[in-house]
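Hi,

Here is the model I promised to pass on to you. Please have it open in your viewer while you read, as my notes follow below.

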Amino acid sequence: MTDATNTGSLYDVDARTKKRNAAEKRFRIYGMIAIGLGLVFLVALLSTIVVRGIPAFQQTKLTLPIALPEETLDKSGVRDIEVMKKVSTFGYNPLIEQALADALDANGIENPFEDAKGLKPILSSSAAAVVRDEVLANPELVGTTHTFEILAASRVDGYLKGRVTRESVARDNNIDAAHFDVVDALRDAGIIAKGFNFDFITGADASESRPEQAGIGVSMLGSLFMMFVVLGLSLPIGVAASIYLEEFATQNRFTDIIEVNISNLAAVPSIVFGILGLAVFIQFMHLPQSAPLVGGLVLTLMTLPTIIISTRASLKAVPPSIREAALGIGASKMQTVFHHVLPLAMPGILTGTIIGLAQALGETAPLLLIGMVGYIASNYPDGVASGFLDPNSAMPAQIYEWAKRADPAYYERAWGGIIILLVFLMTMNILAVILRRRFERRW
Amino acid sequence: MSFAKLTASTLAIAAMTTGVAVARDQVQVAGSSTVLPYASIVAEAFGENFDFPTPVVESGGSSAGLKRFCEGVGENTIDIANASRAIREKEIAACAEAGVTDIIEVRIGYDGIVFASQLNGPEFTAFTESDIFNALAPKVMVDGELVDNPHTKWSDFNADLPDAEILAFIPGTKHGTREVFEEKVIAAGCEATGAMEAMIAGGMSEDDAEDACLMVRTDGMSVDIDGDYTETLARIDANTNAIGVFGLAFYENNTDKLKVATMSGVEPTTETIAAGDYPVSRPLYFYIKKAHIGVIPGLKEYAEFFVADEIAGPDGPLSNYGLVADPELAATQAMIANEETMN
């Protein structure tokens, strides 16, 4: 002790100790502020997403009895399906408008417009297709009055959700405040109501003029097929590469270069893989554009380094004593790896794979370049081969596409899509955590 | 080993799926992002009304679409290219080289280009071509002299316009809309203000003066937007004093945020554009490969359906969305029925 002259009690805090304690206190406060800020941002982010996205899971529908007169729908009079098909959706529109006008009469609501056609802005243009499909599937409905559930137009939907107001449509050519008066009366009469929107989760994308009909289902399938490709290719290739590098390869300059490059690849921006995919898979190999197969191949390239790095880390974590014991009782090197090392490393490998897949699922940038953005995903794939090869979109690409569209109703859909994507990502991450907790062994 | 099996079967599946030659049964369309909303509306209605599958519509820009269109004939090439401008001679030549010789040109209608600003912003309600030229050209006429553009406020050159900083968001050069903006607004203003005459008088050849008339100032008061109209809208939202260039359909879907300005006293509506009164409009097209008609099921039906009166006519869904119906639609319908190609 240099401070031999200090005669005070050890319990008296001297100036230097005070300073050190104060520094520690300050550091703790900084830490708490950092965590607090992080939490605030997280809460702000999640609450914005939920507040803006939840309306997409509700949809306004009308329950209307629609008269299906024989003279307009079946000129043959004998329910000849070919003759009935000649009546296009444009022939069905007046029937639906008339049905709505009749419903107004029946409930004592005044129609502020000259005729039934004035009510058109309340109805979605998808209504005619719903009625036509039903009639063609059940020709015996012609001549009767049948009750249909049809979608309301996106602006009416927005009005019931509070997104559209009477003020905001003052300058709108598509709809008037008078329509909203009718909607209010219809809601009181129980004809128009909001309900859970299953079609948003299972449905196909729609054109710009009917956001009320758009769903994320088809692009969800696109993402699913892409994930099949990613899993099917990157897991075996990644695991084989890491086992070879970790267990069999001799350490020399060549393997060093490979190792450095794998680490570098993991840091390459994903858009670079998109350009590579465009050049190699589409322009050189002539694989179909916008196909989930190509998307999957590109994302495989992106996911491989992640899987290789995590696999190598979990192989390394298996203690050498396991290998030595196996070798000691006469197992070959391959038997050692496949019977003992790999099963022990499996939880780590699976965790890495799931995290890599989750990353690939949310990736948009590489998909921009291979034509999966800017595509209207309106057809369900009709089989496994078509699922891989027919043009499709992917969930993040679909969200991007919706955010770009002119009608503000699509903006709401984009937020709703984000919620679905986040649910998928969270499920995958939770699965990874559970696998790790369950099966990981500590040495 | 289960791993070896897994790997082998994965590779086998991958090889099998890539090896399958797909006989295409749906129409494939690519091209202009301006035409995309219209094409997707038609494709959707087509899928509902016919037994053919819904056509596949992709965007990517007029030039990119026509490039893919000209790659050749066959099931692995697209059938229709959408374009917000007419096909160029160079592209026809490229097409011919790849064996795409018989092309049917279909004009579907007209699209208006409008100037809009924040609903609660300054009173940008009436412009002329000269105003836009005076605000955005690099060289303008001041007191009879051609000088570097000194204007920083709209009121600097037209006392009727608001006393607000000039800031305009215009489509980037990759957009077909930019070409129309330059030719119908900037160049028209260049002539109207006498700047073009002054350039020729100053020793420029007529061609050079015409090119110089298409220039836009680069000092930050005019900003190119390479993205979509949604991006322009976001910029307008953030800048009270800014004006932006939009398509008529986009404006009509966002009337709660934007107010539109008249051009030379004419308000942009589908009626004024159809009558030819509103000056800034352009035709929209799609191009069909004649060789694919009869090979790809539903191709001709799709084209006929697109220009049918109930779709592209004045009361149809396209016109409701913002397309200005073509008064010569009947001629177009006859042309598709007879499969008349361009010469």
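How many Å separate the centres of domain 1 of chain B and domain 2 of chain B, taken over C-alpha atoms? The distance is 31 Å. Before going further, please keep in mind that this is a predicted model, so everything below is computed from predicted coordinates.

**Chain B and its two domains**

The domain assignment splits chain B into domain 1, made of 21–110 + 283–337, and domain 2, which covers 112–281. Where the two meet, 16 residues of domain 1 of chain B are in contact with 14 residues of domain 2 of chain B. On the domain 1 side, α14 (317–321) and β14 (324–325) of chain B each contribute at least two of the touching residues. By residue type, that side of domain 1 holds 7 nonpolar, 8 polar and 1 charged.

For the overall picture, chain B has 15 helices and 14 strands, and its C-alpha trace spans about 80 × 60 × 45 Å along the principal axes. Chain B has 343 residues, and 46% of them count as buried. If you take the contacts in chain B with a separation of 6 or more, 73% are between residues 24 or more positions apart.

**A buried helix in chain B**

Have a look at helix α5 (residues 129–136) of chain B. This helix is largely enclosed by the rest of the structure, because 8 of its 8 residues are buried. They are B:Glu129, B:Ser130, B:Asp131, B:Ile132, B:Phe133, B:Asn134, B:Ala135 and B:Leu136. Which elements do the covering? Among them are the strands β5 (126–127), β6 (139–142), β8 (168–171) and β9 (222–225) of chain B, together with the helix α6 (176–192) of chain B.

One of those covering strands, β6(B), also belongs to a hairpin with β7(B), with 2 residues between the two strands. In the turn, B:Asp143 has a positive phi of about 50 degrees. The pairing of β6(B) with β7 (residues 145–148) of chain B is antiparallel and runs over 4 bridges. If you want one pair to click on, B:Met141 has B:Leu146 in β7(B) as its bridge partner.

**Where the chains meet**

The contact between the chains takes 37 residues from chain A and 39 residues from chain B. On the chain A side, α4 (89–106), α9 (217–248), α16 (384–389) and α17 (395–404) each supply at least two residues. The largest share of that side, 4 residues, comes from α9(A). Sorted by type, the side of chain A that touches chain B has 18 nonpolar, 14 polar and 5 charged residues.

Two of these helices also pack on each other: α9(A) and α17(A) have axes 8 Å apart and make an angle of about 145 degrees. From α9(A), the contact uses A:Ser219, A:Met220 and A:Ser223, while α17(A) brings A:Met395, A:Ala397 and A:Gln398. That gives 3 nonpolar, 3 polar and no charged residues in this contact.

**Transmembrane annotation in chain A**

An unreviewed UniProt entry lists residues 29–51, 220–245, 265–287, 293–315, 336–358 and 414–435 of chain A under "transmembrane region". I looked at two of these spans in the model. Residues 29–51 of chain A are 100% helix and 0% strand, and their end C-alpha atoms are 32 Å apart. Residues 414–435 of chain A are likewise 100% helix and 0% strand, with 32 Å between the end C-alpha atoms.

**A sheet in chain A**

Chain A also has an open sheet of 3 strands, in the order β2-β1-β3, with antiparallel pairing. Its edge strands are β2 (145–151) and β3 (192–196) of chain A, each of which pairs on one side only. On average, neighbouring strands of this sheet are turned by 35 degrees against each other, ignoring direction.

How many bridges join β1 (residues 58–67) of chain A and β3(A)? There are 5, in the antiparallel sense, and A:Leu62 has A:Ile192 in β3(A) as its bridge partner. Helix α5 (residues 127–137) of chain A packs on the sheet, where it touches β1 and β2 of chain A and makes about 140 degrees with the direction of β2(A). Helix α6 (residues 154–161) of chain A lies across β1 and β3 of chain A, at about 125 degrees to β1(A).

Happy exploring, and do write back with any questions.

Best wishes

Technical notes. Residues numbered from 1 in each chain as written. Chains lettered and ligands numbered in written order. Predicted model: local features only at pLDDT ≥ 70, side-chain atom pairs only at ≥ 80, totals over all residues. Domains from an automatic or database assignment. Contact = placed C-beta atoms within 7 Å. Nonpolar A, V, L, I, M, F, W, Y, C, P; charged D, E, K, R; others polar. Axes fitted to C-alpha atoms, helices over the stretch in contact; angles between N-to-C directions. UniProt positions renumbered as here; feature names shortened; annotations may be inferred. Buried ≥ 20, exposed ≤ 12 C-beta atoms within 10 Å, placed from the backbone. Pairing = 2+ DSSP bridges.
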